[in-house]
Amino acid sequence: FNLFDKVLILVEGRTVYFGSPGAALQHYSSLSLQCPRDESPPDFFMRCVATDAGEDADRQQAKQNVETLLQALPPLDTPDMPKKFDPKVESLKGSGVVALLTLVRREFLIRRRSKILFKAAIARTLFMAILLGLLYWQLPNDQASWQSVLGVLNMIMINTFMTSGFGLTQELPHSFRPAFREARAGMYSISAWFWSKTLGDLPVDVIGPIIGSSLIFAMTGVGKTAESYFLFVMWACATSVIGNTWGYLASAAGGRAEYAFAIFLLSVFPFMIFNGYMMTTEEIPIYFRWIEYVGPFKPIFVELNVAIWRTRTFDCPAQGACPFRSGEDVLRLRGMDEADHVYNYSIIIGLYLVGCRLLAWAIVALRWRLGASNVARTGTKWPAGPAAKVHADAADEVAHSNVESP
């Protein structure tokens with residue numbers, strides 16, 4: 001560290017120190033920021049300004065440290081930039097369509113450049129598909145196979161949902177703060193940002209399930225016709241998109257990654273229990289049945305079962321009972337023989353693919369509006385210069401329920 005000629009410490013694009021390594025400790029000490037003897041200076045410098053790491057108390061202390069460091073900076077004489085346009089007549093903000101298309105292009109560029117992340121997602125999909133395919137390799141048509149078929153359908157539904165939504169709760173909350181700032185600066189609307197993120201996620205949420213479900217379908221032999229294959233893949237893709245929607249909703253409601261993570265798990269597990277695999281509707285206590293009817297898993301699980309079981313038949317043993325002769329017998333046993341397809345499609349498409357996505361968008365827009373109104377109400381009282389940025393961040397933190405900065 002001491003071999004560097006100069007050290008530049010930035011916090012969210014703002015300079016909090018620029019100078020020699022040897023003078024850094026002295027500068028921090030002059031501001032009552034003493035480096036412990038058992039901690040290296042670089043680690044100490046970063047810990048002092050780590051506004052997005054640690055507990056809440058550590059974050060608040062780091063923000064106070066940033067304010068102290070910014071106020072200690074000498075003023076800089078910067079020339080006034082000439083204005084080439086009249087802000088009352090012209091605007092740097094383009095139309096909503098232009099902003100949306102530009103942001104969509106940016107999202108696709110980010111994903112195209114993140115080749116390692118894309119390869120990791122595909123590798124994870126292939127690993128789980130091959131694992132399930134080998135576990136349920138070429139399911140037979142004997143009387144005991146019906147439980148294995150149900151297991152395949154349940155596993156692909158749960159795995160696809162969790163893969164799509166779980167990681168999003170650890171990524172999306174970190175994007176809120178810069179998006180809110182750029183939207184407040186007039187670069188684009190927060191709605192354009194939200195829908196560009198949604199469109200940017202769509203290819204990954206579809207390509208992965210297509211590959212995974214196709215492998216599982218071929219390796220397990222779970223379906224017997226081209227129609228069942230098409231429906232199997234279609235419902236896998238729908239499950240993935242719903243998982244993504246759930247991740248957006250949990251992230252918007254939680255604001256911070258740890259809260260989004262907790263909301264995602266706590267909200268999804270009750271629906272997993274009553275998804276039609278562990279128990280039938282008749283076995284569920286009547287005071288819990290509403291969970292089954294409003295959840296996303298039961299409609300998808302029913303449609304998957306109908307698509308698969310109507311193409312399967314069973315081999316009867318030479319001696320003994322033969323309770324199952326066709327897939328219709330399994331559907332009847334599980335209470336799925338009279339499936340209400342209109343209701344299932346309404347829940348899947350209307351409530352989750354569309355409704356929950358709109359709800360997530362509304363929550364994000366509300367968070368941004370609360371932050372923008374707070375800044376507009378109190379911004380005129382702040383001093384000019386770096387301190388104004390610190391006060392704006394403090395108001396932004398309160399308005400957005402501790403949304404983390406990246």
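**Overall make-up**

I began by counting secondary structure in this predicted model, and the protein has 16 helices and 2 strands. Next I looked up burial: of the 406 residues in the protein, 44% are buried. I also checked how far along the chain the contacts reach. Among contacts with a separation of 6 or more, 72% are between residues 24 or more positions apart.

**Helix α1**

I turned to α1, which runs over residues 21-30, and asked which of its residues are buried. They are P21, A24 and Y28. These residues sit on the same side of α1, because the arc they cover around the axis is only 25°. I then went round to the other side of α1 and found G22, Q26 and S30 exposed there.

What covers the buried residues of α1? I noted β1 (7-11) and β2 (14-19) among the covering elements, along with the helices α2 (41-48) and α3 (56-71). One backbone detail also went into the notebook: S32, just after α1, has a positive phi of about 65°.

**The nonpolar cores**

I looked for the largest nonpolar core and found that it has 69 residues. Which residues have the most contacts inside it? They are I190, W193 and F232. I picked F232 and listed its contacts, leaving out residues up to four places away in sequence. F232 touches L153, I156, S213, I216, F217, V222, L304 and I308.

Another core, of 15 residues, lies apart from the largest one. Its members include V7, Y17, C48 and L69.

**Aromatic rings**

My search of the whole structure for aromatic pairs gave 24. I wrote one of them out in full: W146 and F324 are 5.5 Å apart centre to centre, with 50° between the planes, so the pair counts as tilted by the 30 and 60 degree limits. This pair links distant parts of the chain, as its residues are 178 apart. W146 belongs to helix α6 (residues 145-166), while F324 is in the loop between α13 (297-309) and α14 (327-333).

Are these two residues buried or exposed? W146 is buried because its relative accessible area of 14% is under the 20% limit. F324 is buried too, with a relative accessible area of 8%.

I also found an aromatic cluster made up of F161, F166, W246, F261, F264, F271, F297 and Y352. A separate look at charges over rings took me to R357, whose charged end sits over the ring of Y248, 4.9 Å from the ring centre.

**Around L249**

R357 came up again when I looked at L249. The C-alpha atoms of L249 and R357 are 7.1 Å apart in space, although the two residues are 108 apart in sequence. L249 lies in helix α10 (residues 226-254), and its relative accessible area of 18% makes it buried. Setting aside residues up to four places away in sequence, I listed C356, L359, A360 and I363 as the residues that L249 touches.

**Around S196**

My next stop was S196, in helix α9 (residues 190-220). S196 is buried, at 0% relative accessibility. What does S196 touch, not counting residues up to four places away in sequence? I found L100, L103, V104 and E107.

**Cysteines**

I finished with the cysteines, where the disulfide count came to 1. The bond joins C316 to C322, with an S to S distance of 1.8 Å. I checked its handedness as well: the angle about the S-S bond is -60°, and the link of C316 and C322 is left-handed. As for the two ends, C316 is partly exposed at 35% relative accessibility, whereas C322 is buried at 15%.

Why is there no bond from C48 to C35? The closest cysteine sulfur to that of C48 is in C35, but it is 7.9 Å away, which is too far for a bond, because a disulfide needs the sulfur atoms within 2.5 Å. C48 is buried, with a relative accessible area of 5%. I looked up C237 as well, and that cysteine is buried at 13% relative accessibility.

Methods
Residues numbered from 1 in each chain as written. Predicted model: local features only at pLDDT ≥ 70, side-chain atom pairs only at ≥ 80, totals over all residues. Heavy atoms only, no water. Buried < 20%, exposed > 50% of the residue type's maximum accessible area, 1.4 Å probe, protein only. Helix = DSSP H or I, 4+ residues; strand = E, 2+ residues; numbered from the N terminus. Arc of directions from axis to C-beta. Contact = heavy atoms within 4.5 Å. Phe/Tyr/Trp six-rings, centres within 6.5 Å; stacked < 30°, edge-to-face > 60°. Lys NZ or Arg CZ within 6 Å of the ring centre and 35° of its normal. Core = buried A, V, L, I, M, F, W, Y, C linked by side-chain atoms within 4.5 Å.
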